[in-house]
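Please open the model in your viewer and keep the selection panel at hand. The tour below moves from one selection to the next and says what is there.

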Amino acid sequence: MKKWLLGLLAMIVVAGSGVWAFKMNSVSPEMKIYKSQNNQAVEQEMRNASDRHIIKKIRATGLYLVTTDSQSKDDVSSTAYVPGPGSAITGAFFSKGDGIDVPGKTTITFKPVDFKHLGKNGSFNITNLGRYGIGSDIEPGAYKLKLESVEGNYKTQLDGIVQLVITPRDGEEKTIQISKADNQKTISVSQGEMLQIKSSSNKFNLFFDK
């Protein structure tokens with residue numbers, strides 16, 4: 001009887017360890033960086049002086065602030081992690097060796113995300129699209145929001161709108177929309193959550209006040 005109970009306990013411990021290992025392994029690499037605030041990214045400039053597209057590779061895994069400058073006569077469109085000309089995306093995660101398509105006459109600059117703990121000393125402004133870690137980029141708490149400015153061509157319903165998507169550690173995402181017509185909101189963010197700022201506009205100024 002005792003041997004049977006010991007065996008059962010051993011199975012429970014092993015099973016529990018397996019679940020814990022699965023949970024640990026299921027955490028994304030970028031979330032591990034936000035949690036540890038140990039970003040191994042290195043600054044890198046991808047310059048393409050030719051008239052054709054070329055592929056260049058990321059030198060180090062990490063979280064980046066990405067900016068694009070283009071003299072190309074062709075339209076250089078943005079992607080989820082590489083912005084259009086004259087704008088920036090923060091919190092973009094790349095692995096070493098990832099290939100980046102650099103259009104002709106274009107320079108794409110990658111700078112390591114600097115965890116600034118915005119809100120620690122009061123109010124702040126955000127002007128870059130992308131992802132912000134709560135507890136690393138932005139201090140947890142409740143904030144009053146004001147969209148001080150936003151540019152758009154207003155050809156679609158989403159022009160002139162900035163979306164704030166809060167991803168909790170557990171549970172469903174929550175989206176807040178703020179616009180030129182409805183430019184004041186409130187938001188509450190907690191330690192370990194992720195805040196993603198999205199917009200069809202590359203130029204906006206979003207004010208946070210505790």
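Two rings of Phe, Tyr or Trp, the last taken by its six-membered ring, count as a pair if their centres lie within 6.5 Å, and planes over 60 degrees apart make the pair edge-to-face. In this predicted model, the structure holds 7 aromatic pairs.

Select Tyr64 and Phe110 to begin with: their ring centres are 5.8 Å apart and their planes stand at 90 degrees, so this pair is edge-to-face. Colour the two strands as well, for Tyr64 belongs to strand β3 (residues 62-70) and Phe110 to strand β6 (residues 106-112), so the contact ties together parts that are 46 residues apart in sequence. With a surface displayed, Tyr64 proves to be buried at a relative accessible area of 0%, and Phe110 is buried with a relative accessible area of 0%. Add Phe94 to the selection, since ring pairs link Tyr64, Phe94 and Phe110 into a cluster.

Now widen the view to the sheet, an open one in which 8 strands follow the order β1-β6-β3-β4-β8-β13-β10-β11 with mixed pairing. At its edges stand β1 (44-48) and β11 (174-179), each with a single partner strand, so one side of each is left without a neighbour in the sheet. Going from one strand to the next, the twist averages 25 degrees.

Finish at the β1 edge by selecting β1 together with β6, which run antiparallel and are joined by 5 bridges. Which residue of β6 does Glu45 stand opposite? Centre the view on Glu45, and the residue opposite in β6 is Thr109.

Note on methods:
Residues are numbered from 1 along each chain as its sequence is written. This is a predicted model: local features need pLDDT of at least 70, side-chain atom pairs count only at pLDDT 80 or more; totals for chains, interfaces and linings use all residues. Side-chain values use heavy atoms; hydrogens and water are left out. Rings of Phe, Tyr and Trp (its six-membered ring) pair if their centres lie within 6.5 Å; planes under 30 degrees apart count as stacked, over 60 as edge-to-face and the rest as tilted. Helices (H or I, at least four residues) and strands (E, at least two) are DSSP runs, numbered from the N terminus. Buried means under 20% relative accessible area, exposed over 50%, partly exposed in between (1.4 Å probe, protein chains only). Two strands pair if DSSP finds at least two bridges between them. Axes are lines fitted to C-alpha atoms, for helices over the stretch in contact, and angles run from 0 to 180 degrees between N-to-C directions.
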